[in-house]
Amino acid sequence: MPEGYRSGFACFVGRPNVGKSTLTNALVGQKIVITSDKPQTTRTVVRGIVHREDGQLVLVDTPGLHRPRTLLGERLNDLVKTTWAEVDVVAVCFPSDEKIGPGDTFLVNELAKVRRTTKIAVATKTDLATPERIAEHLLDIAELGRETGTEWAEIVPVSSVGGDQIALLGDLLVGLMPEGPPLYPDGDLTDAPEEILAAELIREAALDGVRDELPHSIAVVVEEMGLREGRPDDKPLLDIHANLYVERDSQKGIVIGKKGARLRQVGTAARQQIEALLGTPVYLDLHVKIAKDWQRDPRQLRKLGF
């Protein structure tokens, strides 16, 4: 281990849909966290691991902090706040194509209550804004820090899509970590179980193209996952049996589609993503089930892993 090697945990936070998951994937260099244009996509804390010569960065991707309307929303918010207190650095994401609003102020005020954690600000999605807009945005972020009593260790503009300043952000984050040995073995990109990753990729495929009221109602549970027996070593096949849960009968029809066409599309898209991530051919068996009002039912939430 080289002298001065650093390792630790960093967490991206922000309002829903500000680019936290895309940023995690860009730094890791591979897709490990699902992304969607639907807000509130992230529900599980997935750790992405960045391996470097000078250090190891463990990225914790959390749900967007929001004013909760359901028991699920309350539990997701609790998860966010617990994570803030346990990491070395919290990076707050502010999209450059949007003005800072009440949601950002609410979040930074909540974060200000976490005293010991180092805080940086990241101006995301700079590819969607003009240089003048980005300059104005950076000043607004600095002003928000002053108003809330939050000291930003750094303010960094980045574009995950264009790759702009992603390496610089990695350098800054590693520099803020404590000195210490690697926390995960070389080659590990995440510590999320493969069943969780597969379930998330299925949910991402199911979210693609559905109407706005449906995303929060979709949950996915992988019931069985394992290599099929009796296959030659050079031709493995991973069997995955998963259930997509929705809250109402009408939603079930939307997910399945006419004559099952939409569910087949979901299966094909998810299977390709899972194969790319795990490097193994996959047989994916999907079923849609109803768990009535699961977001508000403690027993159902436990069953679905929340």
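**Salt bridges, a strand core and a charged patch**

In this predicted model, Lys81 forms a salt bridge with Glu110, the closest N and O atoms being 3.1 Å apart.

Colleague: Which helices hold Lys81 and Glu110, and how many residues apart are they?

Modeller: The salt bridge between Lys81 and Glu110 links distant parts of the chain, with Lys81 placed in helix 2 (residues 71-86) and Glu110 in helix 3 (residues 102-112). The two residues are therefore partners across two helices, and their separation in sequence is 29 residues.

Colleague: Is Glu110 buried or exposed?

Modeller: A residue counts as buried under 20% relative accessible area and as exposed over 50%. Lys81, with a relative accessible area of 36%, is partly exposed, whereas Glu110 has a relative accessibility of 15%. Because that value lies under the 20% cut-off, Glu110 counts as buried.

Colleague: Which lysine other than Lys81 meets Glu110 in a salt bridge, and what is its relative accessibility?

Modeller: The side chain of Glu110 also meets that of Lys113 in a salt bridge, at 3.0 Å from N to O. Since exposed means over 50% relative accessible area, Lys113 counts as exposed, and its relative accessibility is 57%.

Colleague: Where in the chain are Arg52 and Asp171, and how many residues apart are they?

Modeller: The side chains of Arg52 and Asp171 meet in a salt bridge of 2.8 Å, N to O. This pair links distant parts of the chain, for Arg52 is in the loop between strand 2 (46-51) and strand 3, while Asp171 is in helix 5 (residues 166-175), and the two are apart by 119 residues.

Colleague: What relative accessible area does Asp171 have, and how is Arg52 classed?

Modeller: Values between the cut-offs of 20% and 50% count as partly exposed. Arg52, at 26% relative accessibility, is therefore classed as partly exposed, and Asp171 is likewise partly exposed, with a relative accessible area of 42%.

Colleague: How many salt bridges does the structure hold?

Modeller: Besides the pairs already described, Arg15, Glu98 and Asp104 are linked in a network of salt bridges. For the structure, the number of salt bridges is 13.

Colleague: With which strands does strand 1 pair, and over how many bridges?

Modeller: Strand 1 (residues 6-13) is mostly covered, with six of its eight residues buried. With strand 3 (residues 55-61) it pairs in the parallel sense over seven bridges, and Cys11 stands opposite Val60 in strand 3. Ala10 stands opposite Val89 in strand 4, and strand 1 runs parallel to strand 4 (residues 89-95), the two being joined by four bridges.

Colleague: Is Cys11 buried or exposed, and how far apart in space are Cys11 and Val92?

Modeller: Cys11 has its place in strand 1 and is buried, because its relative accessible area is 0%. Although Cys11 and Val92 are 81 residues apart in sequence, their distance in space, C-alpha to C-alpha, is 8.4 Å.

Colleague: Which helix gives the most to the positive surface patch?

Modeller: The patch is formed by Lys289, Arg299, Arg302 and Lys303. Lys303 is found in helix 9 and is exposed, with a relative accessible area of 53%. With three residues, the element that gives the most to the positive patch is helix 9 (residues 298-303).

Notes
Residues numbered from 1 in each chain as written. Predicted model: local features only at pLDDT ≥ 70, side-chain atom pairs only at ≥ 80, totals over all residues. Heavy atoms only, no water. Patch = residues over 30% accessible without salt bridge, like charges linked within 9 Å, V, L, I, M, F, W, Y side chains within 5 Å. Areas by Shrake-Rupley, 256 points an atom, 1.4 Å probe, with all protein chains shown as cover. Salt bridge = Lys/Arg side-chain N within 4 Å of Asp/Glu carboxyl O. Lys, Arg positive; Asp, Glu negative; His and termini not counted. Charge placed at Lys NZ, Arg CZ, Asp CG, Glu CD. Buried < 20%, exposed > 50% of the residue type's maximum accessible area, 1.4 Å probe, protein only. Pairing = 2+ DSSP bridges.
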